[in-house]
Amino acid sequence: MTAISGEQKKSSRLKEKTLDGYNFAYLDDQTKRMIRRATLKAVAIPGYQVPFGSREMPLPFGWGTGGIQVTASIIGIDDTLKVIDQGADDTTNAVNIRRFFAKTAGVETTENTSDASIIQTRHRIPEAKLKSDQIIVYQVPIPEPLRWIEPREEETRKMHALTEYGVMHVGLYENIAHFGKVTTSYNYPVQVNDHYVMSPSPIPKFDNPKMDEMPALQLFGAGREKRIYAVPPYTKVKSLDFEDHPFEIESWSECCALCGSSSSFLDEVITDDKGSRMFVCSDSNFCANRRAKGHKGPGLPRKFEIKDIE
Amino acid sequence: MYVAVKGGDAAIENSQTLLAEERRGDRRVPELTLDQIKNQLSISVDRVMAEGSLYDRDLAALAIKQARGDIVEAIFLLRAYRTTLPRFGNTHPIDTAKMQIRRRISATFKDLPGGQILGPSFDYTHRLLDFSLVENSDSPVAEEASENILAEMPRVTELLDDEGLIEKEIDVNEQEPFDVTRNSLKFPASREARLQNLARGDEGFLLALAYSTQRGWGKTHPFAGEIRMGEVGVEIIPEELGFPIEVGEITVTECQMVNQFKGSATIPAQFTRGYGLTFGHNERKAMSMGILDRSLRSKELGEAINAPAQDEEFVLSHSCNVEASGFVQHLKLPHYVDFQSELVTVRALRKATTFSEKKEDSTGSKNVEGAE
Amino acid sequence: MALLQEPTDNIPVETGFDDPVYESQIVFRKILKVMSEPGTIKKIKNKLSAPAPMMKATAAVCLTLMDFQTKVWLDLPRDSEVSKYLKFHTGLRIVEHSSEADFVVFFSAPDELPPLNLGTDENPETAATVIIQTQSLDDTKKLKLTGPGIKKSRFLNAENIPTSLWDHRGKANSLFPKGIDIILTSSEKLSALPRTTKIKMIKTEKG
């Protein structure tokens, strides 16, 4: 029982800033140590899913508990946190998670990508290039990229152990045979450091190339599935493809209606019931920064047309 | 003109105020007290404690009140609280033979040492709405029995054990048991991991799967060897004392299922066990658990596996309602980035196919882009 | 309560973290940094006093990562001051055989590593983390590192580590995903070499 003796000392520096009755950043230190050990192993074995003793969090499973546990275990009072969902800082889920850390850790939060030391995300990688010393934490619903091919953990674990990824390629190739192209549009599997096939989480494949040789550390947390995995900075991340069917990303014939960007991921917004729609940046901070610099988009809906993405 | 959704903070706060108002309901009606919930909704309290994996009637009652009677939500509240509690040590295994019995029945023997004790049960009630409960009723007070119940009531499985008819209970290993609340489940799972998982598993899920085995989806031929409910002492052995001290008393329901087993190349025909245990009074759950514990032993006993209830990974990975409820409902969260990706793909695919169809069908009657 | 029962001679005079929640987070981020960018060197600034021969960085790493859930093997006797200190501050479980340990700590670098848990192909994360104290740690061009976490290459020099140990490590890591993850410490400095880092010895002028 002496184990807790060190922890019995109250963390005075943090006490005033955080939620009464709870530890800094909610998790107890024992849990944080367990997650920290798992995180180090994840970093040491890029792309491998490390099982961990995921805890029940005060937010529902499936709503970012894995990312929250990872963030809670790494965050300190000097960190600046950014939380996005669908690329935006102002969606209710992002707001809610940011509130959680403001309440339990008292850390500074920001919407500005370049000001953040930790970015927790669901479904997007920011458009602004991430830097060394930044950490991006992905919320992951299903960490196993082979799950749709083989639902059994006992089997997929063996497949990873033997780097037996033939079925994955067969699956993608059948897709090509049937549709003429790979129809997977998000959660597009990648291979990390020429070894593990990894789920990038449900980011659009548009974001996949950003993962390759990224200067920032990428951590992935799946709370319900109890897995943590990682990609260290400057690590090769390759989207699976074939010589005759190279990997390609989405593109739009439109540009952002607000900031005029033609290189960002666009969300489609339906503006009336007569088929009018407009496209705006999914990354709300990227869009706002561009507008602040004087960039302007067409602003009005155009007739919808889709660009051939051959 | 398009306006990005802003003010998430205010919206969340307003939603939560509304929720609190709905929870309280009509203010002319007196507010529920935790004592009322603990005493009069005791079966709900029991279920929340069992699946919340925390034996605390007050907290369970509070969770039920806060969750507006939504039992799965209450279980979630209790779990999220439980996970923040420090751990002082492991208790000694409880001894249900020393249970202060309130109910004990066996379906396998007409009479047995200790007797059949019906206790409080819905079993033989006629399910007729009792309109006398509409107004506060004067419930009858049960009379106390004149006969004493055996202090140590032998378990039916022990009676069979004497004759060697039932498999031996495997000795508890000396190692610290696997803890599903602290570790990620591994497959194949140990029996202790399986029992822990089932004990906190969703009652409805366990019930449906147990039922499926009775309808031929992995039949295990169960008999309710014994069901007992009552109070047992909980002991811990403090490191500095070295001997057990009782730290409290809990109500549990235990079910020992006895199942036919024709034997295998190495094992003669005998009965096999399926074990169920829950906090509080919950026979439906304890029995379902007993059936599933046994059906999940199919692989170990060399039986053909052809039904969901025999598939360990299927059952144990989907039994937790906190996980299931969260993941099903996470579909309420925005997915418009993924959906946008899909839109781009589907439109491209449609464009490709309509072009090729056009070549074949020169009438061009097909609607090219529905969206246009 | 348990604390009061503890015989007084088991309470080490050397102090652990002054503010464990706060300080262990800072140390962890440094470990995370060096593990994800192998060969980088970070400094521990905490006020820690560890019993000899334990250096400050070694103590900080142990106090940050170990607890009653971790099995640890030390190249020191069980009743050493260091063992007592770690047991008191972390509650760790000291094991007899290096092959059972989650963490293996060398206060002086061995020629060859003893039997270690390298993990399995299916569960490579169960492999031991090896902490080695060295006499000095700097970026002199002795070891050329490449691999994940390193843009092109990075140089590292860990004084007093025999070449045979690097050879031994290389052999173990050829079994990837099984392998050994190393944390190097020297007074208040730390660095790391996860199993994915390739090491090339640079021939010095002296030969």
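**Stop 1: the strands of chain B**

Select residues 222-236 of chain B, strand S2, together with residues 245-261, strand S3 of chain B. In this predicted model, the two strands run antiparallel and share 14 bridges. For one rung of that ladder, pick B:Met229; its bridge partner in S3(B) is B:Thr253.

Now add residues 270-279 of chain B, which make up strand S4. S3(B) pairs with S4(B) as well, again in the antiparallel sense, over 10 bridges. Label B:Asn259 and look across to S4(B). Which residue is the bridge partner of B:Asn259 there? The partner is B:Thr272.

**Stop 2: where chain A touches chain B**

Keep chain B and show chain A. The contact involves 64 residues of chain A and 52 residues of chain B. About 5300 Å² is buried between the two chains, and carbon and sulfur atoms give 58% of that area.

Turn on the side chains. Seven salt bridges are counted between chain A and chain B. Zoom to one of them: B:Asp311 meets A:Arg152, with 2.5 Å from N to O. Polar contacts join 22 residue pairs across this interface, with both residues at pLDDT 80 or more.

Colour the side of chain A that touches chain B by element. Helix H5 (92-105), H6, strand S11 (266-270) and strand S12 (277-281) of chain A each give at least two residues. H5(A) has the largest share, five residues. By residue type, this side of chain A splits into 30 nonpolar, 13 polar and 21 charged.

**Stop 3: where chain A touches chain C**

Hide chain B and bring in chain C. Here 53 residues of chain A meet 52 residues of chain C. The buried area is about 4300 Å², with 59% from carbon and sulfur atoms.

How many salt bridges cross the interface of chain A and chain C? Five are found. Select A:Arg33 and C:Asp67 to see a salt bridge whose closest N and O atoms are 2.7 Å apart. The polar contacts between chain A and chain C come to 17 residue pairs, both residues at pLDDT 80 or more.

Several elements of chain A give two or more residues to this side: helix H1 (5-8), helix H2 (12-15), helix H3 (29-44), strand S1 (50-51), helix H4 (65-74) and helix H6 (153-161). Highlight H3(A): the largest share, 12 residues, comes from this helix. The residues of chain A that touch chain C divide into 24 nonpolar, 15 polar and 14 charged.

For the complex as a whole, the predictor gives an ipTM of 0.94 and a pTM of 0.89.

**Stop 4: inside chain A**

Over all chains the structure holds 57 salt bridges. Select A:Arg122 and A:Asp85, whose side chains form one at 2.7 Å, N to O. A:Arg122 sits in strand S4 (residues 118-122) of chain A and A:Asp85 in strand S2 (residues 80-85) of chain A, so the pair ties together parts 37 residues apart in sequence.

Step on to A:His123. This residue is not a glycine, yet its phi is positive, about 75°. A:His123 lies in the loop between S4 and strand S5 (135-139) of chain A. Most residues other than glycine have a negative phi, and most peptide bonds are trans.

**Stop 5: the sheet and loops of chain C**

Show chain C alone. Its open sheet has seven strands, in the order S1-S9-S8-S5-S4-S2-S3, with mixed pairing. Which strands are the edge strands? They are strand S1 (42-43) and strand S3 (93-94) of chain C, each pairing on one side only. At the S3(C) edge, strand S2 (residues 71-74) of chain C pairs with S3(C) in the parallel sense over two bridges. C:Lys71 has C:Arg93 as its bridge partner in S3(C).

Next, two cis peptide bonds. One runs from C:Ala52 to C:Pro53, with omega near 5°. C:Pro53 is in the loop between S1 and helix H3 (56-65) of chain C. Another joins C:Phe176 and C:Pro177, with omega about 10°. Find C:Pro177 in the loop between helix H5 (163-173) and strand S8 (181-186) of chain C.

Finish by colouring chain C by pLDDT. The mean is 92, and 93% of the residues reach 70 or more. Over residues 1-8 of chain C, the pLDDT is below 50; this stretch has eight contacts in the model beyond near neighbours in sequence. Where pLDDT is low, predicted coordinates should not be read in detail.

Notes. Residues numbered from 1 in each chain as written. Chains lettered and ligands numbered in written order. Heavy atoms only, no water. pLDDT = per-residue confidence, 0-100. Contact = heavy atoms within 4.5 Å. Buried area = accessible area lost by both parts, 1.4 Å probe. Salt bridge = Lys/Arg side-chain N within 4 Å of Asp/Glu carboxyl O. Polar contact = N/O pair within 3.5 Å; in protein donor to acceptor, adjacent residues only side chain to side chain. Helix = DSSP H or I, 4+ residues; strand = E, 2+ residues; numbered from the N terminus. Nonpolar A, V, L, I, M, F, W, Y, C, P; charged D, E, K, R; others polar. Pairing = 2+ DSSP bridges.
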